[in-house]
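Let's walk through this model together, beginning with a small detail and then stepping back to the whole chain. Have the sequence and the 3D view open side by side.

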Amino acid sequence: MKILITGAKGFVGKNLVASLKNIRDGKDRVHPIKGLEHPEDLTIYEYDIDSTLEELDAYCKDADFVFNLAGVNRPKNQEDFMKGNFGFASTLLDTLKKYGNKAPVMLSSSIQASLTGRFAGSEYGKSKLAGEELFQKYSGETGAKVLIYRFPNLFGKWCRPNYNSAVATFSNNIANGLPITVNDRSTELELLYIDDLIEEMILALNGEEHRDEQGFCICPVTFHVTLGEIVDLLYQFKESRNDLSVPDMSDGFTKRLYANYLSYLPTDGFSYKLKMNKDDRGSFTEILRTADRGQVSVNISKPGITKGQHWHHTKNEKFVVVSGKGLIQLRKIGEDENGNPYPVVNYEVNGDDITVVDMIPGYTHNIINLSETENLVTVMWANEPFDPEHPDTFGETV
């Protein structure tokens, strides 16, 4: 199978090319292409502004599917919208007709082509609408399948800031400590994440595209979010390195926006220091905390050191030794029916046999470094962040 992608170096193009190459190279088994028995038989034709018309000619002759992602978003002159969007589309379709190639053609249009609401009078929208009409005419003349996608606002990795995406601009500026301007926090955007779009484009390649009642192709996963909500989340992401918070990502959008935000961090800003609480026993370092899923920390115990010796009413923890050799002990609080202390439960743990040991409410517990020379390193999860006002921690030797 031979796939032509115009605008291959643009935001959507780069992501689509990368995904198709993963399929071709056998790295992606989740998104098979129908009729492609051997992934290595996939040929990807990448066409962009620096390509030649001779290359376009050769690609259009052989292509089995065409993704037309080429277009102009921010030209110097308004008239260049029509030239860049409508003009190239004409060239592409004429070249396909030249060879009688009736391969399916996907067109990346825009919701601005509706020319309604705040998009009324948009020169960009007019050029996109003209492109849609051209493709519909082409389909009527040739019988070729045409898939017209009216994209809402797109966001995700590799989207250019200060170009055509407010999300990209805000993400880039906040990640790099630059100012932003929000004219109206209540402005609502319909947002489509790049990975969701690529999923849909693979479906389109397989003839399984989604369509709306008007016949336009759509991606079924979009989000309606205000500018104010977007900005607040982005600043929350930035602050998370200081307060170690992890936002609730169950709504789907926050998860996508956070991945998007990280892609704009400067290359010298991927890492950040954590506060190590040190004493003569070792150290305790909190890594992250959530409002509802607790916190994760790393504990280092020096040789021969015992830590813990306390219990909790409700708080519970999970200990995972990742380096060294240790002993975890637990004993139920109180006495049995005979008035005797409950027996001690022992778990020997080491970094060569990763094991989770639960710290049970109502059981005092400790962790002992059994080595005389090596530190004991333990990853610890607690079901709630530590609250000094309500610590739920009571000292008692195991």
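A good place to start is cysteine 60: its closest cysteine sulfur belongs to cysteine 217 and lies 20 Å away, too far for a bond. Keep in mind that this is a predicted model. Cysteine 60 is also a buried residue, because its relative accessibility is 0%.

Now turn to cysteine 219. Here, too, the closest cysteine sulfur is that of cysteine 217, at 11 Å. A disulfide needs two cysteine sulfurs within 2.5 Å, so the 11 Å separating cysteine 219 from cysteine 217 is too far for a bond. Cysteine 219 counts as buried as well, with 11% relative accessible area. For the structure as a whole, the number of disulfides is zero.

With the cysteines in place, let's zoom out to the fold. The protein chain contains 21 strands along with eight helices. Of its contacts with a separation of 6 or more, 74% join residues 24 or more positions apart.

What about the overall dimensions? The C-alpha trace of the protein chain spans about 95 × 50 × 40 Å along its principal axes. The radius of gyration is 29 Å, whereas a compact globule of 398 residues would come out near 21 Å.

Finally, consider the inside and the surface. Of the 398 residues, 44% are buried. The accessible surface of the chain is about 20700 Å², and carbon and sulfur atoms contribute 50% of that. As for charge, the chain carries 42 positive and 57 negative charges, and the mean positions of these two sets are 6 Å apart.

Conventions
Residues numbered from 1 in each chain as written. Predicted model: local features only at pLDDT ≥ 70, side-chain atom pairs only at ≥ 80, totals over all residues. Heavy atoms only, no water. Helix = DSSP H or I, 4+ residues; strand = E, 2+ residues; numbered from the N terminus. Rg over C-alpha atoms; globule rule 2.2 N^0.38 Å. Buried < 20%, exposed > 50% of the residue type's maximum accessible area, 1.4 Å probe, protein only. Contact = heavy atoms within 4.5 Å. Areas by Shrake-Rupley, 256 points an atom, 1.4 Å probe, with all protein chains shown as cover. Lys, Arg positive; Asp, Glu negative; His and termini not counted. Charge placed at Lys NZ, Arg CZ, Asp CG, Glu CD.
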